[in-house]
Amino acid sequence: VKDICDLGDIRGKFQEFGWDARECDGHNVEKIIQAIEEAKTVSGKPHMIVLHTIKGKDCTFAQEVLYNHHMKFSQEDYASAIEALDQKIAELEKEEA
């Protein structure tokens, strides 16, 4: 987004308007839950959380590809992406064990 239309400090802008604003890694469920729980401790303000993400994260043929919302891909690309994601899931499950 910064390369195409830099919006600046979104969190800071919302804070200037009186919002409870925070940010976290949008790929980390624990961090998202933590941010939500922290927001629940603040009353009397609207809340917003900026989730920092990578477009197409961990998809072998689409990560950070500008137009990946409507891209065409082959059966081989699909199979490769599923294999990579299955491997990532296995790694995460191994870490949890």
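In the protein chain, 43% of the contacts (heavy atoms within 4.5 Å) between residues at least 6 apart in sequence join residues at least 24 apart. The model is predicted: local features need pLDDT of at least 70, side-chain atom pairs count only at pLDDT 80 or more, and totals for chains, interfaces and linings use all residues. Residues are numbered from 1 along each chain as its sequence is written, and side-chain values use heavy atoms, with hydrogens and water left out.

Four helices and two strands make up the secondary structure of the protein chain (DSSP runs, H or I of at least four residues for helices and E of at least two for strands, numbered from the N terminus). Their order along the sequence is α-α-β-α-β-α. The protein chain is more spread out than a compact globule, because its radius of gyration, taken over C-alpha atoms, is 18 Å, well over the 13 Å that the globule rule (2.2 Å times the number of residues to the power 0.38) gives for 97 residues. Along the principal axes, the C-alpha atoms fill a box of roughly 50 × 40 × 15 Å.

Of the 97 residues, 15% count as buried, that is, under 20% relative accessible area with a 1.4 Å probe and protein chains only. Cys-24 counts as buried at 10% relative accessibility, and Cys-59 counts as buried at 18%. The structure holds zero disulfides (pairs of cysteine sulfur atoms within 2.5 Å).

The side chains of the protein chain include 12 positive (Lys and Arg) and 20 negative (Asp and Glu), His and the chain ends not being counted. The centres of the two sets lie 6 Å apart, with each charge placed at NZ of Lys, CZ of Arg, CG of Asp or CD of Glu.

Technical notes
Buried < 20%, exposed > 50% of the residue type's maximum accessible area, 1.4 Å probe, protein only.
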